[in-house]
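Colleague: Got a minute to go through this one with me? I'd like to start with the cysteines and then wander a bit.

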Amino acid sequence: MTTTSIEELFVHNREWADQMERDRPGFFTGLMAQQKPKYMWIGCSDSRVPANQITGLEPGEVFVHRNVANVVVPSDLNCLSTIQYSVDHLKIEHLMVVGHYGCGGVYAALNNLRLGLVDNWTRHVRDVRDKHIKLLEGISTQFRHDALCELNAIEQVVNVAQSTVMQDAWARGQKVTLHGWCYSLNNGHITNLEMTVPGVGGLEDVYNKAVEKVAARKRD
């Protein structure tokens, strides 16, 4: 059912909260007591890509940062502060950068569409497009959007890995593994892009293999 008014959101909230307390007494008290997620999710702001539901995790089990086209850049203190808090204070063990097929921001970057102020943000995705233009030109036109969604997620994992936050964490021996994934709106499945970075060293090799698999992936 489509929500038609702001007032209905409050009604749905109370119904949900009451149902949760009936089904799981003490649920909210437990949430207040601690936040110790093992996972951080960096994803797109798209309303169709909710981290908890996709992964089957409960509130309190995944720390989330979202922006248009799941971009991570050194100048974005909002994103980097969230990463730093999750790594240094929450002690997460896995950080996933999750793109999604059908991403509007990636589509705009691929096709040079003008959307307004957000064009300055998707410039980062156009940089990914330009970096891999030969690879993309070797993929059928109908699948280039999917491929760029994958490449963008892979590149953002590199940006996370090269951040001072991750470099410092790994230098002190903290175990945090980075992952690059892509989510499908068509069937709800997550594709593991095999861009998995467990620590310092080996980033270039993992990156090259992940990019090669984007080029070689069978698409239909």
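Modeller: Sure. For a disulfide, we ask for a pair of cysteine sulfur atoms within 2.5 Å. Bear in mind that this is a predicted model.

Colleague: OK, and how many disulfides does that rule give?

Modeller: The count is 0 disulfides. Cys149 takes part in none, and the nearest cysteine sulfur to it belongs to Cys182, 5.3 Å away.

Colleague: Why is there no bond between Cys182 and Cys149?

Modeller: Because the sulfur of Cys182 is 5.3 Å from the one in Cys149, its closest cysteine sulfur, and that is too far for a bond. The cut-off is 2.5 Å.

Colleague: Is Cys149 buried or exposed? And what about Cys182?

Modeller: Cys149 is buried, at a relative accessible area of 2%. Cys182 is buried as well, with 0%.

Colleague: Switching to the sheet. What's the strand order?

Modeller: The order is β2-β1-β3-β4-β5, an open sheet of 5 strands with mixed pairing. At the edges you have β2 (62–67) and β5 (190–197), each of which pairs on one side only. On average, neighbouring strands in this sheet are turned by 20° against each other, ignoring direction.

Colleague: Remind me, what are the options for how strands pair?

Modeller: Parallel or antiparallel, in both cases through backbone hydrogen bonds.

Colleague: Then walk me across from β1. How many bridges does β1 have with β3?

Modeller: Strand β1 (residues 39–44) pairs with β3 over 5 bridges, in the parallel sense. Met40 sits opposite Leu95 of β3 there. On to the next pair: β3 and strand β4 (residues 177–183) run parallel and are joined by 7 bridges. Leu95 turns up again, standing opposite Leu178 in β4.

Colleague: And which sense do β4 and β5 pair in, parallel or antiparallel?

Modeller: Antiparallel, over 6 bridges. One facing pair to look at is Tyr183 and Ile190, the latter in β5.

Colleague: Back to β3 for a second. How many of its residues are buried?

Modeller: 6 of the 7 residues in β3 (residues 94–100) are buried, so call the strand mostly covered, with buried meaning under 20% relative accessible area.

Colleague: Different topic: backbone torsions. What sign of phi do most residues other than glycine have?

Modeller: Negative. Here, though, Ala69 has a positive phi, near 70°. Asn70 isn't a glycine either, and its phi is positive too, at about 40°.

Colleague: Where does Ala69 sit?

Modeller: In the loop between β2 and α4 (77–89). Asn70 is found in the loop between β2 and α4 too.

Colleague: Is Ala69 buried or exposed out there? Same question for Asn70.

Modeller: Ala69 counts as buried, at 0% relative accessibility. Asn70 is also buried, with a relative accessible area of 1%.

Colleague: Last one. What's the nonpolar patch on the surface made of?

Modeller: Ile6, Leu9 and Phe10. Together they have about 320 Å² of accessible area.

Colleague: And where is Ile6 in the fold?

Modeller: Ile6 is in helix α1, which covers residues 6–23.

Colleague: Would you call Ile6 buried or exposed?

Modeller: Exposed, because its relative accessible area is 53% and the exposed class begins over 50%.

Colleague: Great, that's what I was after. Thanks!

How values were computed:
Residues are numbered from 1 along each chain as its sequence is written. This is a predicted model: local features need pLDDT of at least 70, side-chain atom pairs count only at pLDDT 80 or more; totals for chains, interfaces and linings use all residues. Side-chain values use heavy atoms; hydrogens and water are left out. Buried means under 20% relative accessible area, exposed over 50%, partly exposed in between (1.4 Å probe, protein chains only). Patches are made of residues with over 30% relative accessible area and no salt bridge: like charges are joined within 9 Å, nonpolar side chains (Val, Leu, Ile, Met, Phe, Trp, Tyr) within 5 Å. Accessible areas come from the Shrake-Rupley method with a 1.4 Å probe; for residues, only the protein chains shown count as cover. A salt bridge is a side-chain nitrogen of Lys or Arg within 4 Å of a carboxyl oxygen of Asp or Glu. Helices (H or I, at least four residues) and strands (E, at least two) are DSSP runs, numbered from the N terminus. Two strands pair if DSSP finds at least two bridges between them. Axes are lines fitted to C-alpha atoms, for helices over the stretch in contact, and angles run from 0 to 180 degrees between N-to-C directions.
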